[in-house]
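Me: I would like to go through this model with you before I set anything up. Could you take my questions one at a time?

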Amino acid sequence: MNLVLKYCPEMDVHTSTQMTIANIETITYLKNIGVKRVVVPRESSLADIKVLSEGGLELEAFVHGAICISYSGQCLLSSMIGGRSGNKGACAQPCRLTYNLYLGIKK
């Protein structure tokens, strides 16, 4: 990000949910270095988004789509099961597969 901000100052830099930006301090830092938009984690509540909006950056939030089972941008399940990294935009959506729960209780 620093290289893009330095060598391509005309480019609008947007962050991803993979940066796990969930507090006003991080928003303030990103604004100060030149970021234009933050994509907030899908776990953000409306109250969270209101607070983050006070940081002065454009915000983007997911309103529909896959309901990931991990914290936004931090999933390794897709790469482990499907061989495709959800963290690189190629999610295999293993969270939508059918699973059986075994509690390990012996009778």
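Reply: The exchange below goes from the overall fold to the core, the salt bridges and the surface.

Me: Where does the model come from, experiment or prediction?
Reply: The model is predicted.

Me: How many helices and strands does the protein chain have?
Reply: The secondary structure comprises 4 helices and 2 strands. Read from the N terminus, the order of elements is α-α-β-α-β-α.

Me: And what share of the protein chain is buried?
Reply: Of the 107 residues in the chain, 21% are buried. The accessible surface amounts to about 7,900 Å², and carbon and sulfur atoms account for 57% of that area.

Me: What about long-range contacts in the protein chain?
Reply: Taking contacts between residues at least 6 apart in sequence, 42% join residues at least 24 apart.

Me: Let us turn to the interior. Which residues make up the largest nonpolar core?
Reply: The largest nonpolar core has 10 residues: L5, V13, I21, I27, L30, V35, V38, V40, L52 and L57. As a general point, nonpolar side chains in soluble globular proteins tend to be buried together.

Me: Take V35 from that set. Where is it, and what does V35 touch?
Reply: V35 sits in the loop between α2 and β1, the strand at 37-39. Leaving out residues up to four places away in sequence, V35 touches M1, L5, V13, T15, L30 and L57. The C-alpha atoms of V35 and V13 are 5.0 Å apart, although 22 residues separate the two along the chain.

Me: Why does V35 count as buried?
Reply: V35 counts as buried because its relative accessible area is 2%, and the cut-off for a buried residue is under 20%.

Me: T15 turned up among those contacts. Where is T15?
Reply: T15 lies in the loop between α1 and α2. T15 is buried as well, since its relative accessible area is 5%.

Me: What does the side chain of T15 reach?
Reply: The side chain of T15 reaches the backbone nitrogen of V39 at 3.5 Å. Beyond four places in sequence, T15 touches I21, L30, V35, R37, V38 and V39.

Me: New topic, electrostatics. How many salt bridges are there in the whole structure?
Reply: A search of the whole structure gives 3 salt bridges.

Me: Which residues are linked in a network of salt bridges?
Reply: The network links R37, E58 and E60. R37 and E58 meet through their side chains at 2.8 Å, N to O. That pair links distant parts of the chain, with R37 in strand β1 and E58 in strand β2 (residues 58-60), 21 residues apart. The side chains of E60 and R37 form a salt bridge at 3.3 Å, N to O. This second pair likewise links distant parts of the chain, from E60 in strand β2 to R37 in strand β1, 23 residues apart.

Me: Is that network buried or exposed, residue by residue?
Reply: R37 is partly exposed at 24% relative accessible area. E58 is partly exposed at 42%, and E60 is partly exposed at 35%.

Me: Which side chains meet in the salt bridge at 3.9 Å?
Reply: The side chains of K50 and E54 meet at that distance, N to O. K50 counts as exposed because its relative accessibility is 56%, and E54 counts as exposed at 59%.

Me: Back to the backbone. What happens at the start of α2?
Reply: A side-chain oxygen of N23 comes to within 3.3 Å of the backbone nitrogen of E25 there. After α2 comes G34, which has a positive phi near 115 degrees.

Me: Which residue other than glycine has a positive phi?
Reply: T20 has a phi near 50 degrees, a positive value in a residue other than glycine. T20 is in the loop between α1 (2-7) and α2 (24-33). At 30% relative accessibility, T20 counts as partly exposed.

Me: Last one, the outside. Which residues form a nonpolar patch on the surface?
Reply: L76, M80, I81, L97 and Y99 form a nonpolar patch on the surface, and together they have about 570 Å² of accessible area. L97, one of these residues, lies in the segment after α4 (77-82).

Definitions and conventions
Residues numbered from 1 in each chain as written. Predicted model: local features only at pLDDT ≥ 70, side-chain atom pairs only at ≥ 80, totals over all residues. Heavy atoms only, no water. Patch = residues over 30% accessible without salt bridge, like charges linked within 9 Å, V, L, I, M, F, W, Y side chains within 5 Å. Areas by Shrake-Rupley, 256 points an atom, 1.4 Å probe, with all protein chains shown as cover. Salt bridge = Lys/Arg side-chain N within 4 Å of Asp/Glu carboxyl O. Buried < 20%, exposed > 50% of the residue type's maximum accessible area, 1.4 Å probe, protein only. Core = buried A, V, L, I, M, F, W, Y, C linked by side-chain atoms within 4.5 Å. Contact = heavy atoms within 4.5 Å. Polar contact = N/O pair within 3.5 Å; in protein donor to acceptor, adjacent residues only side chain to side chain.
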